Amino acid sequence: MIRVLENQDKKLYYVSSSDWESVVLAKDAVEAAGEAFEEAFDTFGEHLNLSSCVNVMDCSNLHEKNTIESEQVEFDIFYVPSVLADIGKHKLSKQLDEIIQNMQKKA
């Protein structure tokens, strides 16, 4: 993937969840999570592993901030059932939410 730095309305995001990670272009972190999940479903299909959360980090300006050197990285965390619902996977979203809720009751 190549991103032109000038006049770019989309940012570069690193997305990770369960046992996979992706880099996507999106307007915001919410869109990035959805884009990454759609790509993951295309790649893994029914073998995609899901977790309760997804981490999204804006990487667009890392080269300007010297973030790596300061070891301060900001990221967003989203509830995966919400992301699944956002991309139209409502049945799977509900199933995963029920599994997570049942696990919390047992803990």
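Biologist: Taking this as a predicted model, is Ser17 buried or exposed?
Modeller: The structure is indeed predicted rather than experimental in origin, and within it Ser17 lies in strand 1. Its relative accessible area is 5%, and the cut-off for burial is under 20%, so Ser17 counts as buried.

Biologist: Which backbone atom does the side chain of Ser17 reach?
Modeller: Leaving aside neighbours within four places in sequence, Ser17 is in contact with Phe37, Ser51, Cys53, Val54 and Val80. One of these residues, Cys53, takes part in a polar contact with the serine side chain at 3.0 Å. The atom reached by the side chain of Ser17 is the backbone oxygen of Cys53.

Biologist: How many residues lie between strand 1 and strand 2 in their hairpin?
Modeller: Strand 1 covers 11–17 and strand 2 covers 20–26, with Ser18 found in the loop that joins them. Ser18 is partly exposed, with a relative accessible area of 43%, and its phi is near 50 degrees, a positive value in a residue other than glycine. The number of residues between the two strands of this hairpin is two.

Biologist: How many bridges join strand 1 to strand 2?
Modeller: Strands of a sheet pair through backbone hydrogen bonds, either parallel or antiparallel. For strand 1 and strand 2 the sense is antiparallel, and one of the pairs sets Lys11 against its bridge partner Ala26 in strand 2. The number of bridges between strand 1 and strand 2 is seven.

Biologist: Which residue of strand 3 stands opposite Val15?
Modeller: Strand 1 also pairs with strand 3, in the antiparallel sense and over four bridges. Among the facing residues, Tyr14 has Met57 in strand 3 as its bridge partner. The residue of strand 3 that stands opposite Val15 is Val56.

Biologist: What is the bridge partner of Val54 in strand 4?
Modeller: Strand 3 and strand 4 run antiparallel and are joined by four bridges. Asn55 stands opposite Ile77 in strand 4, while the bridge partner of Val54 in that strand is Phe78.

Biologist: Which strands form the edges of the sheet?
Modeller: Four strands make up an open sheet with antiparallel pairing, and their order is 2-1-3-4. Neighbouring strands of this sheet are turned by 25 degrees against each other on average, direction ignored. An edge strand here pairs on one side only, and the two that do so are strand 2 and strand 4.

Biologist: At about what angle does helix 1 run to strand 2?
Modeller: Helix 1 lies across strand 1, strand 2, strand 3 and strand 4. Between N-to-C directions, where angles run from 0 to 180 degrees, the angle of helix 1 to strand 2 is about 130 degrees.

Biologist: Which element gives the most residues to the largest nonpolar core?
Modeller: This core has 21 residues, of which Tyr13, Val15, Ala32, Phe37, Val54, Val56 and Leu84 touch the most other members. The elements that give two or more residues to it are strand 1, strand 2, helix 1, strand 3, helix 4 and helix 5. With seven residues, the element that gives the most is helix 1.

Biologist: Which residues does Ala32 touch, not counting those up to four places away in sequence?
Modeller: Ala32 is among the core members that touch the most others. Not counting residues up to four places away in sequence, the residues touched by Ala32 are Tyr13, Val15, Val24, Ala26 and Val56.

Biologist: What is the N to O distance between the side chains of Asp58 and Lys11?
Modeller: Side chains of opposite charge can pair when their charged atoms come close. Asp58 in strand 3 and Lys11 in strand 1 are 47 residues apart, and their pairing links distant parts of the chain. Asp58 is partly exposed at 28% relative accessibility, and Lys11 is also partly exposed, at 35%. The cut-off for a salt bridge is 4 Å, and the N to O distance of this pair is 3.6 Å.

Biologist: Which backbone atom does the side chain of Ser60 reach?
Modeller: Ser60 is found in the loop between strand 3 and helix 2, and at 5% relative accessibility Ser60 counts as buried. The side chain makes its polar contact at 2.7 Å, and the atom it reaches is the backbone nitrogen of Leu12.

Methods
Residues are numbered from 1 along each chain as its sequence is written. This is a predicted model: local features need pLDDT of at least 70, side-chain atom pairs count only at pLDDT 80 or more; totals for chains, interfaces and linings use all residues. Side-chain values use heavy atoms; hydrogens and water are left out. Buried means under 20% relative accessible area, exposed over 50%, partly exposed in between (1.4 Å probe, protein chains only). A nonpolar core is a set of buried Ala, Val, Leu, Ile, Met, Phe, Trp, Tyr and Cys residues joined through side-chain atoms within 4.5 Å. Contact means heavy atoms within 4.5 Å. Two strands pair if DSSP finds at least two bridges between them. A polar contact is a pair of N or O atoms within 3.5 Å; within protein, one must be able to donate a hydrogen and the other to accept it, and residues adjacent in sequence count only if both atoms are side-chain atoms.
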